[in-house]
Amino acid sequence: IRDSSRTLAQPPAADYPVIKNWLLSLIVFALSLGAAELVLRWWVEPSRIYSSLRELPAANAWKNQVRFWERYHERRAFGVAHDPMLGWDIDIAGDRIRGDASYAAPPADDSTTRIVAIGDSYTYGNEVEAHENFAARLDAQANVQVLNMGVPGYGIDQAFLKWRAHGRQYRPDLVVFGIYVDDYERASVTFSSAAKPRLVLRDGEIEVEGQPVPTPAEALVSIADELDERIRMVDAVRNIMLKARTGAEARERYFTDMDAVVRALLQSLLASLNDAQRLLVVHIPRAEHFVEPDPFRTEMGARLTSIYTQLGIDHIDLGEEFLRDRSARDAFMDLYVHRPSGSVGHLSPAGHQMVADLVASRLTLTSGR
């Protein structure tokens, strides 16, 4: 006699332990993920999750945003003034030049060489006294007037945009462009020290993206909202997978694209000069270049110097000049600032003096254009 009390949908009793173990494993796995997510949210700084992708910097703008949020979301003291076209700048209410003197009018003495210095914090003179940066040291020389328009944190793109908007009106005899090797990478992202514009190349023409640039306060709100929405565990796994997939092909594609942008940018700067004006690039390596070179930065540096040569731009390569009468170790120790924390910073007073001397030696040379 068939027992009709057992339904067809009911699994055999022997299956219950398997289902129970499977469900238990699923619950444990979900709880583990939840616990890991809580740990990542409450005890791990977000920037550690979104760590650097050296081979693909353009994918790393989010890390820069997170670092900005970590630094400013509580104290909201940004240090420099927001500029909707450049991202940020110094002395926005004045002449945008570092220093107290106004250089709005050309020098009365025709024998005076007028120089506009553009670039990032190395040109601005971070970590040295105001009179110790190379622009100030040049300005102190007879018959030389230097307008320091360097801005901390700038990439090659922002320095170019500042020159175009605010520098060329001073009609200098010489433009000194201090290019720190990381400025190449900064030019590839829409967020570095803060939100910034980005130059792209379309049909052979330079176009500017991201203007007007969001204010720091607006950026903080946007970043906070995105942090709330993101699942840190998912992002951590995704970042690991992206690192694993990013290889030589992606790296070469990045460099090829950025080389074209930098080349077009420098060509545009050259085109903005008249026949009596010159461009001189000061190529600035990172301090560690002399004792423990980073392969990615070494590649950026090599590509930059190659572009200068291709365009016939007169340039001073500090990676070579700093080694002319000293060892690599001495260059590292003497020409860069060594902080109490043990980290290494910008050019030291001795480093700036050497740059000033090198630039001064080029003032009598014929045009390098």
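The following dialogue reads a helix, a core and a pocket in a predicted model.

Me: What should I know about the model before reading its features?

Reply: The model is predicted, so local features need pLDDT of at least 70 and side-chain atom pairs count only at pLDDT 80 or more, while totals for chains, interfaces and linings use all residues. Residues are numbered from 1 along each chain as its sequence is written, and side-chain values use heavy atoms, with hydrogens and water left out.

Me: Which residues of helix 8 are buried, and where do they fall around its axis?

Reply: An α-helix has 3.6 residues a turn, so residues three or four places apart point the same way. Helix 8 (a DSSP run of H or I with at least four residues, numbered from the N terminus) covers residues 216-229, and its buried residues (under 20% relative accessible area with a 1.4 Å probe, protein chains only) are Pro216, Ala219, Leu220, Ile223 and Leu227. Seen down the axis of helix 8, these buried residues fall within an arc of 100° (taken from the directions from the axis to the C-beta atoms), so they line one face of the helix. The face turned away from that buried side carries Asp228 and Glu229, which are exposed (over 50% relative accessible area).

Me: Which residues touch the most other members of the largest nonpolar core?

Reply: A nonpolar core is a set of buried Ala, Val, Leu, Ile, Met, Phe, Trp, Tyr and Cys residues joined through side-chain atoms within 4.5 Å. The largest one here has 83 residues, of which Phe177, Tyr184, Leu266, Phe322, Tyr336 and Val359 touch the most other members. Helix 10 (residues 248-271) gives the most to this core, with eight residues. Leaving aside neighbours within four places in sequence, Leu266 is in contact (heavy atoms within 4.5 Å) with Phe177, Ile307, Tyr308, Leu311 and Ile313.

Me: How many residues line the largest pocket, and which helix gives the most to that lining?

Reply: Rolling a probe the size of a water molecule over the atoms shows where empty space is left. On a 1 Å grid over the protein atoms alone, a pocket is an open set of points where a 1.4 Å probe fits, with protein on both sides within 12 Å along at least five of seven lines, and lining residues have an atom within 4 Å of a point. The largest pocket holds about 1,200 Å³ of space and is lined by 44 residues, with Arg71, Gly153, Arg186, Ser192 and Ser193 nearest its centre. Helix 3 gives the most to the lining, with six residues.

Conventions. Helices (H or I, at least four residues) and strands (E, at least two) are DSSP runs, numbered from the N terminus. The expected span of a helix is 1.5 Å times one less than its number of residues. Grid points are joined across faces, edges and corners, and a volume is the space filled by probe spheres set on the points.
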